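Hi there,

Here is the structure I promised to send over. Have a look at it first, and my notes follow below.

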Amino acid sequence: MAFVLLILIVVLAMSFFAKIHALGLMIFLMIIHGTLVAVFGASAASLPMLASLLVMSIAIARRTWVPVPLFIWLVMFWLLTFVLLAAMMGLDPRHSRYTLILYAKGFVLAFLVSGAIQDEAEVRILSLYCLLAVSVGSGMAMYQHFTGTYTINVWWDIQRAGGLREDPNETAMLLLIGIPLAAYWFMRSEVWTAKALFAGIFVLTVGGIALTQSRGAGVTLLLILFLMYLKRPTTKALIAGLALVFVGLLLSAGTFLERMETLSAEGTAGDESLS
């Protein structure tokens, strides 16, 4: 409880004197929520929600929140449309609809945060907070791997790391955020030490995703890498990307590639799950 109160006091102070960093801390807490609960217990369960309410209430009260631009409305509309279609056409529509309702508050929060961001520089600051949280999650996955304390451990057959969430699949989806962000900051940085740092985060994140053994995240990772290559279709970018992915896979469990290979085999057998 003392830790929760301390964090809320920090969030309160930052909301008055450094709003963008309060938003960043709020996002950081949301991403590592599962880790906080695992370390500090049930007292940290509501911490991200309380921090979000605190930050957004102060932003609205101080009139630093502005109406969301039409472009953001359109982007969110199309995102919600695709998510709704996916929920309706999924393998388990009832569970998909329940999950959609459960995470609806995230979409509402996205609208509120969009109105609190003033310029592109603030977006970059928030991306660094996201990258820091993803690094924590990847580090947790690596820790579970090297200590053998996997979230799911069924002898030597199934060993899946978690960290950010108890469900390795949810952890993997959160870790995917770090792939384009690490690549962006790697290309944007001009100092070689910064490039090395973000390259390391990229490798760590790929390894963390592989350790979750999530096949859905594996497919999404391949898609993200393909889109990144289309953004900069050069031989140098291709070689660098493949090298970083290869190093990340070396750090992780070798059974991940074996699980990816079972997608086509299990699909013909009637098991279409990407978990």
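**The second largest pocket**

The second largest pocket holds about 820 Å³ of space. A pocket here is an open set of points on a 1 Å grid over the protein atoms alone, where a 1.4 Å probe fits, with protein on both sides within 12 Å along at least five of seven lines; the volume is the space filled by probe spheres set on the points, which are joined across faces, edges and corners. Its lining has 25 residues (an atom within 4 Å of a point), and A183, Y184, M187, M228 and A237 are closest to the centre. Helix 13 (235-250) gives the largest share, 8 residues.

This is a predicted model, with local features needing pLDDT of at least 70 and side-chain atom pairs pLDDT 80 or more, while totals for chains, interfaces and linings use all residues. Residues are numbered from 1 along each chain as its sequence is written, and side-chain values use heavy atoms, without hydrogens and water.

**Helix 1**

Helices are DSSP runs (H or I, at least four residues), numbered from the N terminus. In helix 1 (residues 2-17), V4, I7, L8, V11, M14 and S15 are buried (under 20% relative accessible area, 1.4 Å probe, protein chains only). These buried residues fall within an arc of 125 degrees, going by the directions from the helix axis to the C-beta atoms, so they line one face of helix 1. On the other side, A2, I9 and F17 are exposed (over 50%). The buried residues pack against helix 2 (19-31), helix 4 (47-61) and helix 8 (120-147), with contact meaning heavy atoms within 4.5 Å.

Best wishes

Key. Helix = DSSP H or I, 4+ residues; strand = E, 2+ residues; numbered from the N terminus. Expected span 1.5 Å × (residues − 1).
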